[in-house]
Amino acid sequence: KIVRRGTYHLFGKDVQGFEIHYGVSRHYPLYFEEGNIKGTFVHGLFNDEKFESYKQKQIETFVDTMRKQIDVERIVRALMV
């Protein structure tokens, strides 16, 4: 079993992550890229402050949009019937 944390050069960038897999695959590289499709055996690529900040902003934007679009009081009243 391989468990290794480190810096990996993937898709033209250095990223922090970790490998966890059983054995070594000679048929499959550490990452794959073809057109718009990308994949990797490296985990934890999105566990960083920049991504968390981006994710939080997207969630807040979605919640704000839903608050404007949904009549929550009407839904609550319907549930009380």
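This report describes the overall form of one protein chain and then some of its residues.

**Overall form**

The model is predicted, and local features are described for it only where the pLDDT is at least 70. In the protein chain, the secondary structure comes to two helices and five strands, and reading from the N terminus the order of these elements is β-β-β-β-β-α-α. The strands therefore come before the helices along the chain, as the order β-β-β-β-β-α-α shows, with the helices named by the DSSP runs.

How does the radius of gyration of the protein chain stand against that of a compact globule of 81 residues? For such a globule the value would be near 12 Å, whereas the protein chain has 21 Å. The box that the C-alpha atoms fill, taken along the principal axes, is roughly 60 × 25 × 25 Å. Of the 81 residues, 9% count as buried, a class that requires a relative accessible area under 20%. The accessible surface of the protein chain comes to about 7,700 Å², and carbon and sulfur atoms hold 56% of that surface.

Among the contacts in the protein chain with a separation of 6 or more, 24% are made by residues that stand 24 or more positions apart. The chain carries 13 positive and 11 negative charges, and the mean positions of these two groups are 3 Å apart.

**Salt bridges**

The structure holds four salt bridges, and three of them are set out in the table below, each with the distance between its N and O atoms.

| Pair | N to O distance | Place of the pair |
|---|---|---|
| E19 and R4 | 3.0 Å | E19 in strand β2, R4 in strand β1 |
| K55 and E52 | 3.4 Å | helix α1 (residues 49-69) |
| D64 and R67 | 3.7 Å | helix α1 |

The side chains of E19 and R4 meet in a salt bridge, and this pair links distant parts of the chain, since its two members lie 15 residues apart. Is E19 buried or exposed? With a relative accessibility of 6%, E19 counts as buried, because this value is under 20%. Its partner R4, at 44% relative accessibility, counts as partly exposed.

The other two pairs in the table belong to helix α1. K55 and E52 are three residues apart in this helix, which means that about one helical turn separates them. Both partners are partly exposed, K55 with a relative accessible area of 35% and E52 with a relative accessible area of 36%. D64 and R67 are also three residues apart in helix α1, about one turn of the helix. Here D64 is partly exposed, with a relative accessible area of 39%, while R67 is exposed, with a relative accessible area of 61%.

**The first two strands and the loop between them**

Strand β1 (2-10) and strand β2 (13-21) are joined by a loop, and F11 is found in that loop. What is the sign of phi in F11? The phi of F11 is near 55°, which is a positive value in a residue other than glycine. Most residues other than glycine have a negative phi. F11 is partly exposed, and its relative accessible area is 24%.

V3 lies in strand β1 and counts as exposed at 58% relative accessibility, because this value is over 50%. When its neighbours within four places in sequence are left aside, V3 is in contact with E19 and I20. The C-alpha atoms of V3 and H21 are 6.8 Å apart in space, although 18 residues separate V3 and H21 in sequence.

D14 is found in strand β2, and D14 is exposed, with a relative accessible area of 58%. Apart from its neighbours within four places in sequence, D14 is in contact with T7, Y8 and H9.

**A residue of the second helix**

The place of R74 is in helix α2 (residues 72-80), and at 58% relative accessibility R74 counts as exposed. How far apart are the C-alpha atoms of R74 and Y54? A distance of 32 Å separates these C-alpha atoms, while along the chain R74 and Y54 are 20 residues apart.

Key. Residues numbered from 1 in each chain as written. Predicted model: local features only at pLDDT ≥ 70, side-chain atom pairs only at ≥ 80, totals over all residues. Heavy atoms only, no water. Helix = DSSP H or I, 4+ residues; strand = E, 2+ residues; numbered from the N terminus. Buried < 20%, exposed > 50% of the residue type's maximum accessible area, 1.4 Å probe, protein only. Rg over C-alpha atoms; globule rule 2.2 N^0.38 Å. Contact = heavy atoms within 4.5 Å. Areas by Shrake-Rupley, 256 points an atom, 1.4 Å probe, with all protein chains shown as cover. Lys, Arg positive; Asp, Glu negative; His and termini not counted. Charge placed at Lys NZ, Arg CZ, Asp CG, Glu CD.
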